[in-house]
Amino acid sequence: MGSNGVHGVSHPRVDDRAGVPTGTASFYFRTRKALLHAIAARLAELDVADFSRMAELADDSSQFTGTAGLARIVMYVNSEPWLTRAKARYELALLAGRDAELAATLAGSAERLYALARDVVTQWHPAESAAEPALVDDQAIATLAFINGIMLTFVAGQPAVDSAEHLDRLIRGVIAGVAGVHGD
């Protein structure tokens, strides 16, 4: 799906790509819809593994915490295998607008990404001052929207940023901008 789009997904193509006997995919996933849902479930599994690894890295290294860590994580999307996964995820996201079950499968990954953005925003605020929850929520939403846009430029083959340092500056600018206009 990440290489050929949603229209390139068929049982025979999956069999061929996976190197399994003809009919294997259709045996396990009877319909094209079931096949697409399985792809979404697999992406969700990979996301859980990736987010778990990111949490481990954050515990072991300050390079993967705060806005700099988020920027590094987002920059991975512009390399394989994450780029192909992102392409598949965007294809599935478009389908999920018309398929509630598919949307539910993808929701877990979206929630983990939101939690990551919220943690980053919380870390951005000085430790001695607790930011109001509505501000943190708005900053997390804006940060997520921004990084989703950046990831979409990667998927489109037109990267808007070329380094984690540049992206880190932009993310901090988004968070600060929301703080500056919050409550106006």
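Is Trp-82 buried, partly exposed or exposed? Select Trp-82 and take a look: with a relative accessible area of 29%, this residue is partly exposed. Keep in mind as you click around that the model is predicted.

Leave Trp-82 on screen and add Tyr-76. The centres of these two rings sit 5.3 Å apart and the planes make an angle of 45 degrees, so call this pair tilted. Tyr-76 is partly exposed as well, at 37% relative accessibility.

Now for the interior. Select Leu-70, Val-74, Leu-113, Ile-147, Phe-154, Leu-167 and Ile-171: within the largest nonpolar core, which has 27 residues, these have the most contacts. Colour the helices next. H4 (66–76), H5 (82–96), H6 (100–124), H7 (133–155) and H8 (164–181) each put at least two residues into this core, and H7 gives the most, with eight.

Zoom in on Val-74 and show what surrounds this side chain. Beyond its neighbours within four places in sequence, Val-74 is in contact with Ile-147, Ile-150, Met-151, Phe-154 and Leu-167.

Then swing over to a second core, separate from that one. This core has 13 residues, among them Met-1, Val-6, Val-9 and Leu-102.

Last stop: back to the aromatics. The count of aromatic pairs is two, and the one still to see is Phe-27 with Tyr-28. Their ring centres are 5.1 Å apart with planes at 90 degrees, so this pair is edge-to-face. Switch on a surface here: Phe-27 counts as exposed at 52% relative accessibility, and Tyr-28 counts as exposed at 58%.

Terms used:
Residues numbered from 1 in each chain as written. Predicted model: local features only at pLDDT ≥ 70, side-chain atom pairs only at ≥ 80, totals over all residues. Heavy atoms only, no water. Core = buried A, V, L, I, M, F, W, Y, C linked by side-chain atoms within 4.5 Å. Buried < 20%, exposed > 50% of the residue type's maximum accessible area, 1.4 Å probe, protein only. Helix = DSSP H or I, 4+ residues; strand = E, 2+ residues; numbered from the N terminus. Contact = heavy atoms within 4.5 Å. Phe/Tyr/Trp six-rings, centres within 6.5 Å; stacked < 30°, edge-to-face > 60°.
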